[in-house]
Amino acid sequence: MKKLICLLLMLCAGTAAFAWGGREHRLIAYIAEAHLTPRTRQVLDRYLDQSIVEYSTWMDRYRTAPGYEITTYWHMVTIDEDGNVPPEPLRPNGDGDAVRQLTRAIERLRNYRELSDSTVNVNLKYVIHLVGEMHCPGHIYFADLPGGMDAPRHYDFFHLKYKGKEVTYHWVWDGSVSRQYPDWTEEDFRRELDRWPAEKQRAVSEGTPTDWALECARSCCVIYDWAKPGDDIDEGFLREHGVLPVDQALRGAYRLARVLNDLFDN
């Protein structure tokens with residue numbers, strides 16, 4: 001019975017409180033999967049028993065599981081007061097450490113042939129999740145705002161209303177793609193949105209996770225001009241500003257495909 005309770009608690013931990021919603025993660029992985037090479041797919045099949053789509057939310061589901069508690073703090077990006085990604089976390093618990101942990105996972109996987117299958121497996125799960133995670137508009141800490149890391153514009157400290165219900169601004173952006181298209185399947189998303197020409201996909205996929213994080217910060221800081229604490233917003237807000245999260249999700253998808261192809265079919 002204790003094991004069952006622990007399992008249920010572990011599964012319940014995978015809420016969208018700290019992450020893109022599950023549908024957003026699956027969408028990113030689904031589009032990325034369409035751009036994997038046959039060789040990359042072959043390697044992934046060796047280390048994963050399911051599609052990368054099924055593992056896109058693994059870090060959310062297991063963030064409080066025994067041995068993985070520290071990963072709770074890896075789901076956000078920090079931009080320091082100088083506008084850079086700091087080499088070390090600014091929070092004592094490592095919160096806001098997505099870029100550093102993603103970079104570490106990628107570096108480990110460069111030597112995947114020398115690692116145990118279980119080590120490759122868990123680092124793949126980190127990569128699959130964190131590449132997408134850092135592209136959510138609400139997943140960036142800006143340390144230069146008044147009040148520093150605890151300013152109301154950060155994370156769950158910023159409260160407003162969505163259709164009259166009090167929520168965090170973070171929550172609004174976590175589900176900002178799927179709420180625009182509630183009836184679409186993953187294939188609908190791919191068919192309708194995955195239309196960037198190959199040269200644009202290659203261009204946005206260049207660089208490093210640090211480069212991508214800085215680009216995301218420049219693109220997404222505008223969301224704090226669009227709403228203020230206490231505002232009451234609805235679907236019209238997402239219709240007006242919905243291009244941003246869709247663009248971010250696509251960038252995450254193409255970058256995830258590039259990372260995996262570089263690791264396993266370079």
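This passage describes aromatic pairs, charged contacts, one helix and one unusual backbone angle in a predicted model.

A pair of aromatic rings is described by the distance of the centres and the angle of the planes. In this model, 17 aromatic pairs were counted. One of them joins W74 and Y126, whose ring centres are 5.2 Å apart. The planes of W74 and Y126 stand at 75°, and an angle over 60 degrees counts as edge-to-face, so this pair is placed in that class. The two residues are 52 apart in the sequence and belong to distant parts of the chain: W74 is in the loop between α4 (58–61) and β1 (77–79), while Y126 is in helix α6 (residues 117–133). Both W74 and Y126 are buried.

A second edge-to-face pair is made by Y181 and F189, with ring centres 6.0 Å apart and planes at 90°. The two partners are covered as follows. Y181 has a relative accessibility of 22% and counts as partly exposed, whereas F189 is buried, its relative accessible area being 3%. The cut-off for buried is under 20%, which is why Y181 at 22% does not count as buried. Elsewhere, ring pairs connect F142, Y169, W173, Y224, W226 and F237 in a cluster.

Helix α6, which carries Y126, was also examined for its length and its covering. With 17 residues at 1.5 Å a residue, α6 should span 24 Å, and the distance between its end C-alpha atoms is 24 Å, so the two values agree. Of the 17 residues of α6, 14 are buried, and the helix is therefore described as mostly covered.

Charged side chains also lie over aromatic rings. R179 sits over the face of W171, 3.7 Å from the ring centre. R179 also lies over the face of Y162, at a distance of 5.8 Å from the centre of that ring.

Salt bridges number 16 in the model. R26 takes part in a salt bridge with E54, in which the closest N and O atoms are 3.1 Å apart. This contact links distant parts of the chain, since E54 is in the loop between α3 (38–47) and α4 and R26 is in helix α2 (residues 22–33), 28 residues apart. E54 is partly exposed at 30% relative accessibility, and R26 is partly exposed with a relative accessible area of 24%. R26 also meets E186 in a salt bridge, with an N to O distance of 2.5 Å. E186 belongs to helix α8 (residues 186–193) and R26 to helix α2, so this bridge ties together parts that are 160 residues apart in sequence. E186 is partly exposed, at 23% relative accessible area.

Another salt bridge is formed by the side chains of E88 and R100, at 3.2 Å from N to O. E88 is in the loop between β1 and α5 (98–109) and R100 is in helix α5, so the bridge ties together parts 12 residues apart in sequence. With a relative accessible area of 48%, E88 is partly exposed. Salt bridges with shared partners also join D188, R191, E192 and R195 into one network.

The backbone at K163 was noted separately. K163 has a positive phi of about 55°, although it is not a glycine. K163 is located in the loop between β3 (159–162) and β4 (165–168). Its relative accessibility is 51%, and because the cut-off for exposed is over 50%, K163 counts as exposed.

Methods: Residues numbered from 1 in each chain as written. Predicted model: local features only at pLDDT ≥ 70, side-chain atom pairs only at ≥ 80, totals over all residues. Heavy atoms only, no water. Phe/Tyr/Trp six-rings, centres within 6.5 Å; stacked < 30°, edge-to-face > 60°. Helix = DSSP H or I, 4+ residues; strand = E, 2+ residues; numbered from the N terminus. Buried < 20%, exposed > 50% of the residue type's maximum accessible area, 1.4 Å probe, protein only. Lys NZ or Arg CZ within 6 Å of the ring centre and 35° of its normal. Expected span 1.5 Å × (residues − 1). Salt bridge = Lys/Arg side-chain N within 4 Å of Asp/Glu carboxyl O.
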